[in-house]
Amino acid sequence: MTPGTRRGYAKGRAKRIEILDQAMTLFGEAGYRGASLRVIATRCGISHPGLLHHFPTKEALLLAVLQRRDDVDDEWLALGVTRGVDHLRRLVDLAELNAKRRGIVELFSVVAAEATAPDHPAHAYFEARYRTSVANTERAYAQAREAGALRDDVEPASAAQQLIALMDGLQIQWLISDCTTDMGGVLRAHIRAQLTVAF
C-alpha cells in the first residue's frame with residue numbers, strides 16, 4: 001500500500017466515523033423515521049451522494065450506528081471479564097458511564113421505542129439485543145446464587161428481566177429530568193436489596 005493510498009484510507013475512515021457520530025446525534029434527536037440523510041450529509045460537509053458512498057441506505061447507516069454503540073460498550077464491558085455479583089456491579093458502572101453520554105442514551109431510547117414496530121429496520125437488532133442482555137444478566141444472578149450471594153426469594157430469570165427494564169426506564173427518566181436522575185444510585189440500591197453480601 002502506497003503512502004497516498006494509506007492517507008486516502010485514513011481520510012475515508014475518519015469521514016465514516018464523523019458520519020456515524022452525526023447520524024447518532026440526529027437519530028437521537030429526531031428518531032430513525034424523522035432523520036434525513038441529506039441533513040446528516042450537510043452536517044458532515046459532504047453531498048448526499050458522498051454519504052451514500054459510505055452507507056448506501058438509511059437502514060445500513062442506522063445498523064452501523066447501533067453496531068458502533070455496541071462495539072464501544074462491549075469493549076468497555078470486556079475490561080476484566082466478570083461473573084455473578086461483579087457482573088451486576090459492572091452494569092451499575094455502565095449506567096454511571098451512560099450518565100456522561102447523553103447522545104448515546106438518547107439514540108438508544110428513541111430508536112428502541114420506534115423499533116417495537118415489526119417493520120422497523122432495527123426491530124431484529126433490538127429483539128436479539130434484549131434477548132442477549134436478559135440472558136447474560138440471568139446468568140450473573142444464577143452465579144450470584146451459586147456463590148450464596150443472592151437472597152432466597154430472588155429468582156434469577158425474573159430478576160434479570162426486571163433489572164434490564166429498570167435500566168431502560170431509568171434512561172428515559174434521566175433524559176426527561178434533564179440528566180438529574182441518579183441512574184447508578186437507583187440501580188445500586190435495587191441490586192443491593194437482592195443480595196446477601198455488600199454491594
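A residue counts as buried when its relative accessible area is under 20% and as exposed when that area is over 50%. The structure discussed here is a predicted model.

**Helix 2**

Four residues of helix 2 are buried: Leu37, Ile40, Ala41 and Cys44. They lie on the same side of helix 2 because they span an arc of only 100° around its axis. Arg38 and Thr42 are exposed, and they sit on the face of helix 2 turned away from the buried side. At the start of helix 2, a side-chain oxygen of Ser36 comes to within 3.1 Å of the backbone nitrogen of Arg38. Gly45 follows helix 2 and has a positive phi, near 70°.

**The nonpolar cores**

The largest nonpolar core comprises 28 residues, and Phe27, Ile40, Leu61, Val65 and Phe126 are those with the most contacts inside it. Two or more residues of this core come from each of the elements tabulated below.

| Element | Residue range |
|---|---|
| Helix 1 | 3–34 |
| Helix 2 | 37–44 |
| Helix 4 | 58–77 |
| Helix 6 | 102–114 |
| Helix 7 | 123–146 |

Helix 1 supplies the largest share of this core, with seven residues. Apart from this core lies another, of 26 residues, which includes Leu88, Ala149, Val154 and Met183.

The surroundings of Phe126 can be described in further detail. When neighbours within four places in sequence are set aside, Phe126 is in contact with Leu66, Phe108, Val111, Ala112 and Ala115. Ile40 links the two topics of this report: this residue is buried in helix 2, and it is also among those with the most contacts inside the largest nonpolar core.

How values were computed:
Residues are numbered from 1 along each chain as its sequence is written. This is a predicted model: local features need pLDDT of at least 70, side-chain atom pairs count only at pLDDT 80 or more; totals for chains, interfaces and linings use all residues. Side-chain values use heavy atoms; hydrogens and water are left out. A nonpolar core is a set of buried Ala, Val, Leu, Ile, Met, Phe, Trp, Tyr and Cys residues joined through side-chain atoms within 4.5 Å. Buried means under 20% relative accessible area, exposed over 50%, partly exposed in between (1.4 Å probe, protein chains only). Contact means heavy atoms within 4.5 Å. The arc is that of the directions from the helix axis to the C-beta atoms. A polar contact is a pair of N or O atoms within 3.5 Å; within protein, one must be able to donate a hydrogen and the other to accept it, and residues adjacent in sequence count only if both atoms are side-chain atoms.
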